[in-house]
Amino acid sequence: MSELNPILAASNESIEAYQQAIAQTSEAVVNWLQQPYMYQGKTVAELRERIALDFNPQGLGNQAAIERAIELFLKDSLLVHHPQCVAHLHCPSLVVSQAAEVLINATNQSMDSWDQSPSATIIEVKLIEWLRAQVGYTAGDAGVFTSGGTQSNLMGLMLARDAFFKRQGHSVQQDGLPGDLKKIKVFCSENAHFSVQKNMALMGLGYRSVTLVKTDEFARMDVNDLKAKLAEAQANGEQVLAIVATAGTTDAGAIDPLREIAGIAAEHNTWVHVDAAWGGALLLSEKYRDYLDGLELVDSVTLDFHKQYFQTISCGAFLLKDARHYELMRYQAAYLNSEFDEAAGVPNLVSKSLQTTRRFDALKLWMGLEALGQKQYAAIIDHGVTLAQQVAQYVTEEADLELVMQPQLASVLYRYRPAQMANSSDADIALFNQKIGDALLESGRANVGVTESNGVTCLKLTLLNPTVTLEDIKILLALVAKTGQELLAK
Ligand SMILES: *Cc1c(COP(=O)(O)O)cnc(C)c1O
């Protein structure tokens with residue numbers, strides 16, 4: 001039977017129901033954390049069969065609904081903290097991030113206006129100021145928390161576009177896009193995130209507006225090709241809105257030469273947006289902060305905290321070097337960010353965001369920074385980068401394993417090629433490695449990534465998890481070999 005008043009509020013019944021629900025779910029989480037398998041290994045068909053909504057006139061009540069969620073969702077969820085869960089930039093989360101979520105959810109503050117989130121707004125603004133200082137930007141608060149890298153990249157591209165047309169005396173915000181849209185281009189490397197393409201399509205400019213710059217042997221943007229392609233664009237009368245550099249490509253973890261790119265962009269009076277969704281973690285690093293050299297020079301930056309900052313999803317940020325560009329997306333809504341408020345200096349963050357109603361995700365990073373402190377945060381970030389180097393060394397020493405690229409951040413690209421396949425074609429080895437990845441997930445024992453690097457299909461270990469050791473990865477690599485041998489024996 002459902003409760004008479006299901007709302008979280010001050011009544012004794014509500015408080016009792018809240019405590020019961022939280023206790024029941026946190027106990028279930030504790031049990032789930034200790035499941036032996038990374039995944040219980042159900043197929044798409046089995047899950048489709050099993051999972052069904054029970055929406056009836058009476059309602060089940062909280063306790064039964066929670067029970068069902070444990071059965072249908074929790075038990076068949078992937079254990080992201082498992083040492084053999086290394087396929088994606090998908091992190092285990094900080095304990096303190098869980099506590100933050102309890103506060104974020106219970107208070108249900110909305111970040112669009114100060115009168116819906118007073119203390120939360122101030123915390124977010126102070127955190128943006130702090131992040132700007134980490135990047136090396138001047139003091140200020142131009143920036144906002146976002147749902148993640150995709151949205152932050154959209155903000156960078158949109159403001160770059162609108163700033164470009166503003167210089168030509170045109171307001172895209174008021175009048176839409178002018179002129180020959182086929183002439184509009186943005187540049188990024190072949191290894192940039194696909195959200196560049198998706199965002200350009202969303203902005204009405206299509207995938208065709210994205211010019212891909214070649215990459216070097218380490219998957220970094222080739223600046224000579226960038227220069228050549230910019231010159232070509234100029235000769236063709238094309239309009240270059242922005243160069244998107246990547247700090248930490250999704251597979252190889254490659255960091256484009258940011259300082260050089262910023263220099264080239266300055267010569268062309270072009271906006272540089274840096275997608276540091278992954279590599280931005282190095283802002284807190286003790287050993288590898290210099291990899292981000294030049295970040296302070298660029299116009300806008302994407303950061304993601306639900307990757308190597310170990311925050312729960314969602315948690316990202318967008319930083320804008322020059323606050324004046326925020327004018328380009330200004331919209332005054334009488335009920336949220338009125339002129340009256342602005343004159344009085346009331347921070348209504350809707351002015352800085354593409355979203356209106358927005359979660360207080362900033363609290364997670366704030367509490368993470370305070371709980372861990374500089375040394376421990378740096379240590380858990382650096383762990384993955386150092387571990388990737390050790391794993392790469394091990395891979396090169398093993399006869400059946402081939403390192404596909406030297407690691408740069410916390411990923412290792414490699415393939416399994418046993419003696420039986422010494423003379424096999426690249427296509428056969430590719431298919432074989434793909435099958436190993438699929439078989440491992442199906443067994444529920446491991447999730448390794450399968451991807452392509454310079455046309456070579458390979459396996460990917462994304463070593464974000466700071467509790468994982470070289471020994472764990474050796475066990476995983478042995479499992480890969482065992483699975484491969486089983487496939488060959490079939
Ligand atoms: C993950 C990632 C993104 C997308 O970020 P979301 O938070 O998933 O939207 C963008 N760029 C890079 C380089 C990434 O690794």
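# Briefing on a predicted model

Strand β2 is joined to strand β4 (residues 239-246) by 5 bridges, and these strands run parallel. The structure is a predicted model, and the points below begin with β2 before turning to cysteines, aromatic rings and a few single residues. A search of the whole structure finds 6 aromatic pairs, while the number of disulfides it holds is 0.

**Strand β2 and its partners**

- Besides its pairing with β4, strand β2 (residues 184-189) pairs with strand β3 (residues 210-213), again in the parallel sense, and this pairing extends over 4 bridges.
- Between β2 and β3 the chain passes through helix α8 (residues 195-202), and the resulting β-α-β crossover is right-handed.
- C188 has a bridge partner in each of the two neighbouring strands, namely L212 in β3 and V244 in β4.
- S189 in turn has V213 as its bridge partner in β3.
- Strand β2 is mostly covered, since 6 of its 6 residues are buried.
- In a regular strand the side chains alternate between the two faces of the sheet.
- In β2, the residues I184, V186 and C188 point one way, whereas K185, F187 and S189 point the other way, and all of them are buried.

**Cysteines without a disulfide**

- A disulfide is a covalent bond between the sulfur atoms of two cysteines.
- For C91, the closest cysteine sulfur is the one in C315, and because the distance of 9.7 Å is too far for a bond, the two are not joined.
- Seen from the other side, C315 is in no disulfide, and the nearest cysteine sulfur to C315 is that of C91, 9.7 Å away.
- For a disulfide, the two cysteine sulfur atoms would have to lie within 2.5 Å.
- Both cysteines are nevertheless covered: C91 is buried with a relative accessible area of 8%, and C315 counts as buried at 0% relative accessibility.

**The surroundings of K307**

- K307 is placed in the loop between β6 (300-304) and β7 (316-320), and because its relative accessibility is 16%, K307 counts as buried.
- The cut-off behind that reading is a relative accessible area under 20%.
- The side chain of K307 makes a polar contact, at 3.4 Å, with the side chain of D304.
- Leaving out residues up to four places away in sequence, K307 touches L89, C91, A277 and L464, so that the list includes one of the cysteines discussed above.

**Aromatic rings**

- One of the aromatic pairs is formed by F164 and F165, which are arranged edge-to-face with 5.1 Å from centre to centre and 90° between the planes.
- Both partners are covered, as F164 counts as buried at 10% relative accessibility and F165 is buried with a relative accessible area of 1%.
- Ring pairs also link F145, F305, Y309 and Y377 into a cluster.

**Two loop residues, N348 and Q168**

- N348 is found in the loop between α11 (339-343) and α12 (362-397), and N348 is buried, with a relative accessible area of 7%.
- A polar atom of the N348 side chain lies 3.2 Å from the backbone oxygen of L336.
- Apart from its neighbours within four places in sequence, N348 is in contact with D112, S113, W114, L336, N337 and D341.
- Q168 also has its place in a loop, the one between α6 (149-167) and α7 (172-175), and at 46% relative accessibility Q168 counts as partly exposed.
- Along the chain Q168 and L479 are 311 residues apart, and their C-alpha atoms are separated by 59 Å.

**V412 in strand β9**

- V412 has its place in strand β9 (residues 411-416), where V412 is buried with a relative accessible area of 0%.
- Not counting residues up to four places away in sequence, V412 touches A388, V391, A392, L403, L459, K460, L461 and L463.
- The C-alpha atoms of V412 and V395, which are 17 residues apart along the chain, are separated by 9.2 Å.

Note on methods: Residues are numbered from 1 along each chain as its sequence is written. This is a predicted model: local features need pLDDT of at least 70, side-chain atom pairs count only at pLDDT 80 or more; totals for chains, interfaces and linings use all residues. Side-chain values use heavy atoms; hydrogens and water are left out. Buried means under 20% relative accessible area, exposed over 50%, partly exposed in between (1.4 Å probe, protein chains only). A polar contact is a pair of N or O atoms within 3.5 Å; within protein, one must be able to donate a hydrogen and the other to accept it, and residues adjacent in sequence count only if both atoms are side-chain atoms. Contact means heavy atoms within 4.5 Å. Rings of Phe, Tyr and Trp (its six-membered ring) pair if their centres lie within 6.5 Å; planes under 30 degrees apart count as stacked, over 60 as edge-to-face and the rest as tilted. Two strands pair if DSSP finds at least two bridges between them. A crossover is right-handed if, with the strands pointing away from the viewer, the path from the first strand over the helix to the second runs clockwise.
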